[in-house]
Amino acid sequence: MRAGFYPKLAWNGITKNKRFYLPYILTCVGMVSMFYIVSFLSTSPLLLYMPGSETVSSTLNLGSWVIGAFSLLFLFYTNSFLMKRRKKEFGLYNILGMGKWNIGRILFWETIITVLISFVCGAVFGIALSKLAELCLVNVIRGDVDFSLTVSSDALISTLTLFSVIFLLIFLNDIRQIKFTNPAELLRSENAGEKPPKANWFLGIVGVLLLGGAYYIAITIEDPVSALVLFFVAVLMVIVGTYLVFISGSVMFCRILQKRKKYYYKPNHFISVSSMVYRMKRNGAGLAPICILATMVLVMISSTASLYFGSESSFAIRYPRDFTINVNFMDIEDMNDENISSLRDSIGGVAEDNDASQTDVIEYRWASVSGLLDGNEMETDVSNVDFTIDMINDTTIVYFIPLSDYNRMMNKNETLGEDEVLVYTVRSSFDEDNFIIKQGNSFEKIYNVKNKLSDFTISGDAAMGFYPSVYIVVPDFASAVAPLSELLDYNGNEMVSLRWFYGFNTDVPTEKHAEMETEIFTAIGNVAEDIESAHGFSCESREEESVSYYSTFGGLFFLGALLSVVFIFAAVLIIYYKQTSEGYEDQARFEIMQKVGMTKKEIRKSINSQLLTVFFLPLIFSAMHLAFSFPIIRKILLLFNLNDVFLFAVTTVICFICFALLYTFVYRITSNSYYAIVSGQKRRRNQ
């Protein structure tokens, strides 16, 4: 054969099937460019020198793995539509004398052409758009803009490597299908229908039970930690349950419509339902991924957008003062007034040197111990407890605060008798008359609750914690903490943590905060060297920490937006292929209907009935998934200290409305395409 024979056949095959190949190639180009952009951003030179770059880089690196895995699955899925359309052509080649090895060579050149177009166009678009994406990311995380354009060779190599492997696997899978399919089956593959499927009640019930179980987990979960753990379990249950409900429930749904005589025996409904019932199992399998992708988009963009737009309030909770100082101790004796006064004076010296006033000062010592709280008893020895996920709700941290520190900080004049305490709770409630801390049978201490506090200023670290906490104000700090210092965990380590916390606001310009933070850190270090048990200390400036904080939330929002674009694009393409392939399948049926007197108006009504019956099912189910997932996602957002339910609710509703409008637009476009195919307009246009 002449040189170039197979490449020419491959090119003709692509151009003659451009209605199917063009969206597929555009998908490949989009996936290549998107993967390059995310890989480029994860190693961007501009981001590497920004504060918080490690967090953003790690987030984007995770996103590149997600896009890579999704590209593998999705390109396999879309390629299956192509192969179904091409098998008839390959079967004809086989009958005319072309061997399967020769067909494989055609597939090879088609793959090469697709790869070259995808790589070249994907790289060009990726490089061109990478700067725009970088500028958007820098703006989101509030960084400094740089307009120089750079190309990442590492990102190009990783993109080339990944998609070379993906296209190789797709090619091998296509060869496998051709090799193990006889010519007659290839010729019939495009028009192969289904026998009327039977409603599989067992699978349908299993699907409903899985969805019900996932919904139950989502609405009954109370603790943010268990919500994070069980979220992924619930997601898997929703994915499997959605698939089973769509492939089984859709068949049952059509059967129910057929039994409703007033609905079924109408021209537009009769034809549409009769057509759907023969392929509803496959139809359901195609609708399920649309529903799952829609749910992923809505959950992802609503949660990350809420985090981003609510970052100001959560940041204020995490860093309530301009400067926050923490000093850890190992011995309660070293937390005496003399040492604490030296630490305080060192901070005051730095403030005086910088002509900085100290306002809104917050200062206290605390000792913390954790355990399982049951009623008014907290058990610190959990080594013999058969720990379950439900016990996360009972895990509680108790903070002991000296009465003198409490009165000074809150400007109070409370008095306490021996074993009397004041109690303040965070993320929990406590209404008992006494509080008991015990460790098995070896230790037990009972505190009498004099009063429950309604207000107390806690540190940013404690505010960001996700475990329930109880603050206990004691009259004698040393005597209250000393017995607890003897408690050991199951690894033999001391259970009690000791810390001095100090925070204040200042009128110093924010430009000097970084310098002042360094000076405070050095001053505290000099004092801590003379305190034997002071084993760790830190100084945080709200101004300096804001960059890293906003980088985290901005990076999550940016990644969520990118992945949402990818998933929306995937859902649109699945809808397009679904409508187009079914249009060619239904074309012969509607031609027969036109020959027996069915008008184009009746065809349009029948098509609208068929599409509306099933097309909006994914949107309805995704709305239902989103509604039931709202409580568990809200609990997870608490881990990021976002407790603005109104913001999350409004963001979720806006995201759903926008997605529904986009979904409706896609419906209009694809329904017109479907109508053009089944009514014969597309064929006449091509003649």
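Let's start in a loop. Asp419 sits between helix H15 (403–410) and strand E5 (420–426). Its phi is positive, about 70 degrees, and Asp419 is not a glycine. Most residues other than glycine have a negative phi. Is Asp419 buried, partly exposed or exposed? At 29% relative accessibility, Asp419 counts as partly exposed, because the partly exposed class lies between 20% and 50%.

A word of caution before I go on. This is a predicted model.

There is another aspartate to show you. Asp355 has a phi near 55 degrees, again a positive value in a residue other than glycine. Where is Asp355? Look at the loop between helix H14 (337–353) and strand E2 (359–374). Asp355 has 68% relative accessibility, so Asp355 counts as exposed, the cut-off being over 50%.

Now the cavities. How many are there of 30 Å³ or more? The count is three. The largest has a volume of about 120 Å³. Its lining has 14 residues, and the closest to the centre are Tyr21, Tyr24, Asn79, Thr111 and Asp174. Which elements give two or more residues to that lining? They are four helices: H2 (18–42), H4 (53–95), H5 (100–140) and H6 (153–179). H4 gives the most, with five residues. By class, the lining of the largest cavity has eight nonpolar residues, three polar and three charged.

On to the second largest cavity. Its volume is about 60 Å³. The residues lining it are Ile568, Ala571, Val572, Ile575, Phe659, Leu662, Tyr663 and Val666. Helix H19 (542–595) and helix H22 (645–678) each supply at least two of the lining residues. What is the make-up of this lining by class? Eight residues are nonpolar, none is polar and none is charged.

Next, the aromatic rings. The structure holds 29 aromatic pairs. Take Phe119 and Phe167. Their ring centres are 6.3 Å apart and their planes stand at 90 degrees, so this pair is edge-to-face; the cut-off for that is over 60 degrees. Phe119 is in helix H5 and Phe167 in helix H6, 48 residues apart, so to speak of this pair is to speak of a link between distant parts of the chain. Both Phe119 and Phe167 are buried. Remember that H5 and H6 also give residues to the lining of the largest cavity.

Compare Phe630 and Phe648. Here the ring centres are 4.6 Å apart. The planes are at 20 degrees, so the pair is stacked, the cut-off being under 30 degrees. This pair too links distant parts of the chain, 18 residues apart. Phe630 belongs to helix H21 (residues 617–638) and Phe648 to helix H22. Phe648 has 2% relative accessibility, so Phe648 counts as buried. H22 came up a moment ago, in the lining of the second largest cavity.

Ring pairs also build a cluster. Which residues are in it? Tyr364, Trp366, Tyr399, Tyr406, Tyr424, Phe456, Tyr471 and Phe501.

Last item: charges over rings. Arg318 lies over the face of Tyr319, at 4.3 Å from the ring centre. The charged end of Lys445 sits over the ring of Tyr447, 5.7 Å from the centre of that ring.

To recap: two aspartates in loops, one between H15 and E5, the other between H14 and E2. Three cavities of 30 Å³ or more. And 29 aromatic pairs. Thanks.

Methods
Residues are numbered from 1 along each chain as its sequence is written. This is a predicted model: local features need pLDDT of at least 70, side-chain atom pairs count only at pLDDT 80 or more; totals for chains, interfaces and linings use all residues. Side-chain values use heavy atoms; hydrogens and water are left out. On a 1 Å grid over the protein atoms alone, a cavity is a set of points where a 1.4 Å probe fits but cannot get out, and a pocket is an open set with protein on both sides within 12 Å along at least five of seven lines; lining residues have an atom within 4 Å of a point. Grid points are joined across faces, edges and corners, and a volume is the space filled by probe spheres set on the points. Ala, Val, Leu, Ile, Met, Phe, Trp, Tyr, Cys and Pro count as nonpolar, Asp, Glu, Lys and Arg as charged, and the others, Gly among them, as polar. Buried means under 20% relative accessible area, exposed over 50%, partly exposed in between (1.4 Å probe, protein chains only). Rings of Phe, Tyr and Trp (its six-membered ring) pair if their centres lie within 6.5 Å; planes under 30 degrees apart count as stacked, over 60 as edge-to-face and the rest as tilted. A charge sits over a ring if NZ of Lys or CZ of Arg is within 6 Å of the ring centre and within 35 degrees of the ring normal.
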